[in-house]
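I opened this notebook to record what I looked up in one structure and in which order. The entries are short and follow the course of the reading.

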Amino acid sequence: MSDDCIFCSIVAGDIPARTVHEDSETLAFLDANPLAPGHTLVVPKAHHQHVEAMDDDTAAAVFGTLHEIVDPVQEAVDADGSNVGINNGEASGQEVPHVHAHVVPRFEGDGGRPIHAVAGSRPDLSDDELDAIREDIDARL
Ligand code: AMP
Ligand code: ZN
């Protein structure tokens, strides 16, 4: 637990939240400032700032909870789909420094954008550049 983390305070029960799911490793609750009806956040109970900081079991538990809640969340608000995503790091727009996955219900014609819209201008990468990036990632795994 981190003392000045709002999501740790929610996990500890010190700040109220509209909890929709709780298990030993994760908590899911409604976003207080929703982008759509049913906008839900899934957090690990342990404080980790970034996705890469989570241990394997915690990461699996977060995805397991996502998998469990997506359908009930969508059905509860009669959504046609949802965007599931994580702002990972300040540069990506992460404001609360405790890993949280967003489930944002989507509705036909809601005027929202796909996840492809989150990044800046598209880079024009050659096949060689793509190959080099793949090799760099592979070398680090
Ligand atoms: P992010 O930009 O990915 O860090 O998003 C943080 C999210 O947390 C925003 O969608 C906020 O509306 C939400 N949020 C912040 N404080 C609370 C809170 N006390 N309870 C529920 N959601 C919160
Ligand atoms: Zn925290």
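The entries below go from the overall chain to single sites.

**Entry 1. Overall chain**

I note at the start that the model is predicted. I counted the secondary structure of the protein chain and obtained three helices and five strands. Read from the N terminus, the order of elements is α-β-β-β-α-β-β-α. I then took the extent of the C-alpha trace along its principal axes, which is about 50 × 40 × 25 Å. Of the 141 residues in the protein chain, 32% are buried. I also looked up the sequence separation of the contacts: among those with a separation of 6 or more, 53% join residues 24 or more positions apart.

**Entry 2. The sheet**

In which order do the five strands lie in the sheet? I read the order as β1-β2-β3-β5-β4, in an open sheet with antiparallel pairing. β1 (19-22) and β4 are the edge strands, and each of them pairs on one side only. From one strand to the next, the twist averages 15°.

I then went through individual strand pairs. β1 and β2 run antiparallel and are joined by three bridges. They form a hairpin, with three residues between the two strands. Across this pair, T19 stands opposite F29 of β2.

On the other pairing, β2 (residues 26-30) and β3 (residues 40-44) are antiparallel and are joined by five bridges. F29 has L41 of β3 as its bridge partner, and A28 has V42 of β3. I checked the burial of β2 as well: four of its five residues are buried, so the strand is largely enclosed by the rest of the structure.

I closed this entry with the helix that lies over the strands. Helix α2 (residues 56-76) lies across β1, β2, β3, β4 and β5, and it runs at about 160° to β3.

**Entry 3. The zinc site**

Which atoms coordinate the zinc ion (ligand 2)? I found SG of C5, SG of C8, ND1 of H47 and ND1 of H98, at 2.0 to 2.3 Å. Why is the arrangement tetrahedral? The four donor atoms subtend angles of 105 to 117° around the zinc ion (ligand 2), and an arrangement of four donors counts as tetrahedral if all angles lie between 85 and 135 degrees.

Along the chain, the donors of the zinc ion (ligand 2) have the spacing C-x2-C-x38-H-x50-H. C5 is in the segment before α1 (6-12), whereas H98 is in the loop between β4 (81-85) and β5 (101-106), so this pair ties together parts 93 residues apart in sequence. I looked up the accessibility of these two donors and found both C5 and H98 buried.

**Entry 4. The aromatic pair**

I searched the whole structure for aromatic pairs, and the search returned one. The pair is F7 with F29, with an edge-to-face geometry: the ring centres are 5.4 Å apart and the planes are at 75°. F7 belongs to helix α1 and F29 to strand β2, so the pair ties together parts that are 22 residues apart in sequence. I find F7 buried, and F29 likewise.

**Entry 5. Two single residues**

I looked up S9 next, which is in helix α1. Is S9 buried or exposed? Its relative accessibility is 12%, and the cut-off for buried is under 20%, so S9 counts as buried. Leaving out residues up to four places away in sequence, S9 touches M1, D14 and I15.

I turned last to V43, which has its place in strand β3. V43 is buried, and its relative accessible area is 0%. Which residues are in contact with V43, leaving aside its neighbours within four places in sequence? I listed F7, V11, E25, T26, L27, F29, V62, H98, V99 and H100. Both members of the aromatic pair, F7 and F29, thus appear in this list, and the zinc donor H98 appears there too. I also took one C-alpha distance from V43: L66, 23 residues away along the chain, is separated from V43 by 9.6 Å.

Notes
Residues are numbered from 1 along each chain as its sequence is written. Chains are lettered from A and ligands numbered from 1 in the order in which they are written. This is a predicted model: local features need pLDDT of at least 70, side-chain atom pairs count only at pLDDT 80 or more; totals for chains, interfaces and linings use all residues. Side-chain values use heavy atoms; hydrogens and water are left out. Donors are N, O and S atoms within 2.8 Å of the metal (3.2 Å for Na, K and Ca); water is not among the atoms, so sites may look incomplete. Four donors count as tetrahedral if all angles lie between 85 and 135 degrees; four count as square planar and six as octahedral if opposite donors are over 155 degrees apart and all others between 65 and 115; anything else is irregular. Buried means under 20% relative accessible area, exposed over 50%, partly exposed in between (1.4 Å probe, protein chains only). Two strands pair if DSSP finds at least two bridges between them. Axes are lines fitted to C-alpha atoms, for helices over the stretch in contact, and angles run from 0 to 180 degrees between N-to-C directions. Contact means heavy atoms within 4.5 Å. Rings of Phe, Tyr and Trp (its six-membered ring) pair if their centres lie within 6.5 Å; planes under 30 degrees apart count as stacked, over 60 as edge-to-face and the rest as tilted.
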